[in-house]
Amino acid sequence: MKKIRTRFGFAPSPTGYMHIGNLRTALYAYLFAKSQDGDFILRIEDTDRARYVADAVEFIENTLAAAKIIPDEGPHHGGNFGPYVQSERMAIYKKYAEELVENGYAYRCFCVNHEDENTNDEEKKFGGYNRHCRDLDREELEANIVARKPYVIRQKMPLTGETTFFDVLHGNITIANSELEDQVLLKSDGMPTYNFANVIDDHLMGITHIIRGAEFITSTPKHVLLYKAFGWELPTFIHLAPVMGKSEDGTVSKLSKRHGATSFNDLVEMGYLPEAITNYVALLGWNPKTTNQEIFSMAELIEKFSLDGLSKSPAVFDYNKLDWMSGEYFKAMTDEEFAKAADKFFGELDENLASKKVYLSSLLKTRVAKLSEIPAMIKFLQEMPPFDAELFINKRNKVTVEKSIEIIKPALEMLEKVEDWTLDTLNEKIAAFTENSGLKTGTVMWPLRIAISGQKVTPGGVVEILYLLGREEGLKRLTDALDALSNVKQ
RNA sequence: GGCGCUAUCGUCAAGUGGUUAAGACACCGCCCUUUCACGGCGGGUUCGUGGGUUCAAAUCCCGCUAGCGUCACCA
């Protein structure tokens, strides 16, 4: 018995946008294929001319590459089952559609598409196509062809009985044939519909497993009927539950714009690491049963992945958890790695700060969930926020405006004598200063930190900030604060 | 509306007839602390509902409800 190689297809539309749910489907297909030592095939479903977006194929390929999902075959990945772009396969669909017509599984339909005619009639709304051309007599049919009337090819559904198919997640699913419409297979422009093309291509490309969203469950019987009409072997179906989003009012619905970022790219632009996104998405609807581990590399994901860990129910996309996971990735990075990843979020830094990016990274990496938080977090280093005396007053550390002056003044005098403006020296001097003052560390540090940062919350403490600011700017801020504080006092 | 899918903490989830119903995120408290983080410790909250089956049900069956999906010359 020959072992059939596992082959998974991923067939996105070139819309210039990769929804998280879509990416997850691709990821699961990839993980399963690789765990079986099988193939992951990228195919572009571009049969809807109206939706075509320029460069969208490259966009899809780049996105997959960023997510470390590498197709074995695809438009630009080679393979022996091409072309991998549906619009280049029109002759193939035509041929199979004709075969269906000849064998009585499909028919030509000359009815015009009245999509503009709006009808308020509820029955019509749910009625579907009325099958007018299903049994045209030969004369009328030929007259239409001679007259070159445009037509579509429709699938001839059985009027009775039911169709059952097996889904790995859901088991057997049965739908009455009477529920199935005589759907269009080949459009009047000669393009196939998804429902037709996907069957032809999956078969021709030797796809063994179809993994896709649950929204395709109801149309699967139509596909199954097509496989049967051609006498082809059925692939294994896996229908994934959708990825949901939670609105502010608490309602849950399919993840969409109103829930914020919905595409892989949106997330990357917000400063989440691709690895972290992939890791999080992998766990959104799948769990590795045998372990409580949550941080996985792609290699580990492949090793651990199995179908029985897939969840049947919808999963809500949770930014909290993504933030946490993202933070875990940042914390695991070296300062250099973080500096590199964060580079474009640092913005225009002055020469001094630019030279301290790596050190700055050591401060930032434990405080950031996404890189886009960086600009707001480091702004005070480049530009002193407006003076606010209120900030100096701190009950817990027993600091008042007056007390602040008492601390800042001698501290400034002491620091002015420090030439070696390094972390070690600064640390040592300030520790000694605190010691000599006889005050609690917090009491000394509070007003100093406020004076040089102008903010209640900062990444790092007095020593770190002083170092980052550099000697000149550090002393200047202390001086300015002292002046401003003195004015307040009188 | 017809048809279909789903139903364990706020969220991701383990669980497959007998468990103190794991774990993680979030939340709250404490510790650490130079603010915020990091790290450590602890805490609360969960089986949608009604019927069965069974000595025993989160687990099996049925109804209900709710959510989602689908009913295109879109995928």
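Q: Why are helix 16 and helix 18 called roughly perpendicular to each other?
A: In this predicted model, the axes of helix 16 (residues 401–416) and helix 18 (residues 441–453) cross at roughly 80° and come within 9 Å. Angles of 65 to 115 degrees count as roughly perpendicular, under 35 as roughly parallel, over 145 as roughly antiparallel and the rest as oblique. The two helices are therefore roughly perpendicular.

Q: What makes the contact between helix 16 and helix 18?
A: Contact means heavy atoms within 4.5 Å. Helix 16 brings Lys-403, Ser-404, Ile-407, Ile-408 and Ala-411, while helix 18 brings Thr-443, Val-444, Pro-447, Leu-448 and Ala-451. These residues split into seven nonpolar, two polar and one charged.

Q: How do you know which strands sit at the edges of the 3-4-7 sheet?
A: Two strands pair if DSSP finds at least two bridges between them. The three strands form an open sheet with antiparallel pairing, and strand 3 (106–109) and strand 7 (184–186) each pair on one side only, which is what an edge strand does here.

Q: What makes strand 3 and strand 4 a pair?
A: Strand 4 covers residues 152–155, and DSSP's bridges between it and strand 3 number four, in the antiparallel sense. The cut-off is at least two bridges, so they pair. Ala-106 stands opposite Gln-155 in strand 4.

Q: Which helix lies across this sheet's strands?
A: Helix 3 (residues 90–102) lies across strand 3, strand 4 and strand 7, at about 105° to strand 3.

Residues are numbered from 1 along each chain as its sequence is written. Local features need pLDDT of at least 70, and side-chain atom pairs count only at pLDDT 80 or more.

Key
Chains lettered and ligands numbered in written order. Heavy atoms only, no water. Axes fitted to C-alpha atoms, helices over the stretch in contact; angles between N-to-C directions. Nonpolar A, V, L, I, M, F, W, Y, C, P; charged D, E, K, R; others polar.
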